[in-house]
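Visitor: Could you take me through one part of this model in close detail? I would like to hear about one helix and what surrounds it.

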Amino acid sequence: MFEIDNVDELYALQKGLMEIRFNAADVDWAVKGSPFLSRVHTAVS
């Protein structure tokens, strides 16, 4: 089971998903290189 136990990871995931959903043409560099999103993505994949 996938679980986020760090509030920073939850915020990063939420920001990344919102950024990609509503601003796909110009995604923030911090979202593209986020170690939090990378870790969550690896766990989900």
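Guide: Happy to! Two residues are in contact when heavy atoms of theirs lie within 4.5 Å, and that cut-off will serve us throughout. Please keep in mind that this is a predicted model. The chain averages a pLDDT of 77, with 89% of the residues scoring at least 70. Let us look closely at helix H1, which has the highest mean pLDDT among the elements, 80, while H2 has the lowest, 75.

A little setting helps. The protein chain has three helices and zero strands, and along the sequence the pattern reads α-α-α. Of its 45 residues, 20% count as buried. The accessible surface is about 3800 Å², and carbon and sulfur atoms account for 59% of that.

Now to H1 itself. This helix has 16 residues and spans 22 Å from its first C-alpha to its last, close to the 22 Å expected at 1.5 Å a residue. Four residues of H1 are buried: Glu9, Ala12, Gly16 and Glu19. They cover an arc of only 100° around the axis, so they sit on the same side of H1. The general background is that an α-helix has 3.6 residues a turn, so residues three or four places apart point the same way. The face turned away from the buried side carries Tyr11, Leu17, Arg21 and Phe22, which are exposed.

At the start of H1, a side-chain oxygen of Asn6 comes to within 2.7 Å of the backbone nitrogen of Asp8.

Glu9 deserves a pause. This residue lies in helix H1, and its relative accessibility is 3%; buried means under 20%, so Glu9 counts as buried. Neighbours within four places in sequence aside, Glu9 is in contact with Ile4, Phe36, Arg39 and Val40.

Past the other end of H1 we meet Asp28, in the loop between helix H1 (7-22) and helix H2 (29-32). Asp28 has a relative accessible area of 25%; since the buried class stops under 20% and the exposed class needs over 50%, Asp28 is partly exposed. Again leaving aside neighbours within four places in sequence, Asp28 is in contact with Lys15 and Glu19. Glu19 is one of the buried residues of H1. As for Lys15, its C-alpha is 10.0 Å from that of Asp28, and the two residues are 13 apart in sequence.

Definitions and conventions:
Residues numbered from 1 in each chain as written. Heavy atoms only, no water. Helix = DSSP H or I, 4+ residues; strand = E, 2+ residues; numbered from the N terminus. Buried < 20%, exposed > 50% of the residue type's maximum accessible area, 1.4 Å probe, protein only. pLDDT = per-residue confidence, 0-100. Areas by Shrake-Rupley, 256 points an atom, 1.4 Å probe, with all protein chains shown as cover. Expected span 1.5 Å × (residues − 1). Arc of directions from axis to C-beta. Polar contact = N/O pair within 3.5 Å; in protein donor to acceptor, adjacent residues only side chain to side chain.
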